[in-house]
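Student: Could we take a close look at one part of this protein together? I would like to see how a single side chain fits into its surroundings.

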Amino acid sequence: MLKILSALLAGIIFGVGLALSQMVNPNKVINFLDVTGQWDPSLMFVLGGAVLTTMVAYRFIFSKGKPVLADDFQLPSLLQIDRPLIIGATLFGIGWGLIGYCPGPAVASLGFGLEEPLIVVISMLVGMLLYKAAVK
C-alpha cells in the first residue's frame with residue numbers, strides 16, 4: 001500500500017509541476033520546438049531544472065545501494081541504440097512536435113477536462129495495445 005501511495009504522490013507532484021511550468025499547454029510546447037518561428041525558450045529552464053535535479057538525485061539515490069520501497073533497482077538491461085529505439089524516438093518526436101503533447105503532460109492535462117488530451121491519451125493506449133499484440 002505504501003508503494004501505491006508513494007507512486008500516487010509522485011504522480012501528483014509531477015502533474016502539478018507540469019501544469020505550473022505550462023508543459024501541459026501544447027501551444028507553449030510547440031512554440032518552444034519552433035526555433036525558426038515564434039521560439040519561446042522559457043521551457044529550457046524547465047528542462048534544465050529537470051536535468052539538474054536528476055543529476056543530483058540519481059547520485060544520492062544510487063549511493064544508498066537499494067531503493068526505499070523495493071528490493072533492488074529496476075534498470076534497463078538493453079544499453080545499445082537499436083532500430084526499434086530509433087523508430088520509437090522518431091515517432092515520439094514527430095508526435096510531440098505536431099500536437100505539443102508528450103505522454104506525461106497529456107495525462108496531466110486530462111484534469112482540465114479538455115477533449116484534445118483525451119484523444120491523445122486514448123491514441124497512446126491504442127498504440128500500446130497494438131504494439132503489444134504485434135510483439136506476441
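Student: Does Lys28 count as buried or exposed, and at what relative accessibility?

Tutor: Happy to help! This is a predicted model, where local features need pLDDT of at least 70 and side-chain atom pairs count only at pLDDT 80 or more, while totals for chains, interfaces and linings use all residues. Residues are numbered from 1 along each chain as its sequence is written, and side-chain values use heavy atoms, with hydrogens and water left out.

Now to your residue: Lys28 has 18% relative accessibility and therefore counts as buried. Buried means under 20% relative accessible area, exposed over 50%, and partly exposed in between, using a 1.4 Å probe and protein chains only. Across the protein chain, buried residues make up 15% of the 136 residues.

Lys28 also has a partner: it forms a salt bridge with Asp40, and their closest N and O atoms are 3.0 Å apart. Lys28 sits in helix H2 (residues 26-33), whereas Asp40 belongs to the loop between H2 and helix H3 (43-63), so the pair ties together parts that are 12 residues apart in sequence. A salt bridge here is a side-chain nitrogen of Lys or Arg within 4 Å of a carboxyl oxygen of Asp or Glu. Side chains of opposite charge can pair when their charged atoms come close. Searching the whole structure turns up one salt bridge.

For the wider setting, the protein chain has six helices and zero strands. Helices (H or I, at least four residues) and strands (E, at least two) are DSSP runs, numbered from the N terminus.
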